[in-house]
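Hello,

I am passing a structure over to you, since you have not worked with it before. Please have a look at it first, and then read my notes underneath.

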Amino acid sequence: MTMVNVGKVASFVVNGPPVDISDKFAATAPKRMLTRFPDSAGPAPQLSAVSSICTHVGCPILTGSVQWNTTNQPIYDPTTKVITCPCHGSQFNVQTGAVVRGPAQFSLPTFNVQVQGSDVYVESDPSAAPAVV
């Protein structure tokens with residue numbers, strides 16, 4: 001399991017839109033986004049990392065694309081933790097990767113997240129483990 005430092009915990013805004021962290025990985029690695037949720041009663045920040053590529057037809061959910069005629073303004077609702085793909089409207093829970101509404105039929109791949117001190121680390125390969133720390 002290779003973990004990559006993607007930044008300081010404080011650089012990820014609680015209830016802010018998901019952040020593209022793909023530039024922290026090799027260009028050939030799966031694209032991904034990281035979201036910070038309100039911290040629970042415990043001391044650890046609540047973060048998750050999921051793919052930022054829609055499982056419907058491969059549209060970039062977060063960064064926008066000329067090819068897909070989309071912008072880099074995420075359509076995100078922090079109260080439901082749902083992000084909407086700008087291409088065809090599929091919706092995903094960014095905490096779990098689960099499909100909330102189609103046409104996508106498959107969940108977004110998730111990536112393990114660890115907090116070490118004030119640093120956030122994300123696994124380089126998708127996993128079957130929960131996306132949340």
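Below are my notes on the sheets and the cysteines.

Please keep in mind that this is a predicted model, in which local features need pLDDT of at least 70, side-chain atom pairs count only at pLDDT 80 or more, and totals for chains, interfaces and linings use all residues. Residues are numbered from 1 along each chain as its sequence is written, and side-chain values use heavy atoms, with hydrogens and water left out.

Let me start with the sheets. Strands here are DSSP runs of E with at least two residues, numbered from the N terminus, and two of them pair if DSSP finds at least two bridges between them.

One open sheet has 3 strands in the order β1-β11-β10, and the pairing is antiparallel. Its edge strands are β1 (3–8) and β10 (113–116), each of which pairs on one side only. From one strand to the next, the twist averages 30° (axes are lines fitted to C-alpha atoms, and angles run from 0 to 180 degrees between N-to-C directions). Between β1 and β11 (residues 119–123) there are 5 bridges, and these two strands run antiparallel. To see one such bridge, look at Val4, whose partner in β11 is Val122.

Another open sheet has 4 strands, ordered β2-β3-β4-β9, again with antiparallel pairing. Here β2 (19–20) and β9 (110–111) are the edge strands, and each pairs on one side only. Strand β2 is joined to β3 (residues 32–37) by 2 bridges, with the two running antiparallel; Asp20 stands opposite Met33 in β3.

Now to the cysteines. A search of the whole structure finds 1 disulfide, a term used for a pair of cysteine sulfur atoms within 2.5 Å. The pair is Cys59 and Cys87, with sulfur atoms 1.9 Å apart. Their link is right-handed, with 55° about the S-S bond. It connects distant parts of the chain, 28 residues apart: Cys59 is in the loop between β4 (46–51) and β5 (75–77), and Cys87 is in the loop between β6 (82–84) and β7 (91–93). Cys59 counts as buried because its relative accessibility is 1%, where buried means under 20% relative accessible area with a 1.4 Å probe, protein chains only.

Which cysteine sulfur is closest to that of Cys54? It is the one in Cys85, but at 3.9 Å it is too far for a bond, and Cys85 is in no disulfide. Cys54 is buried, with a relative accessible area of 4%, and Cys85 is buried as well, at 3%.

Best wishes

Technical notes: Buried means under 20% relative accessible area, exposed over 50%, partly exposed in between (1.4 Å probe, protein chains only).
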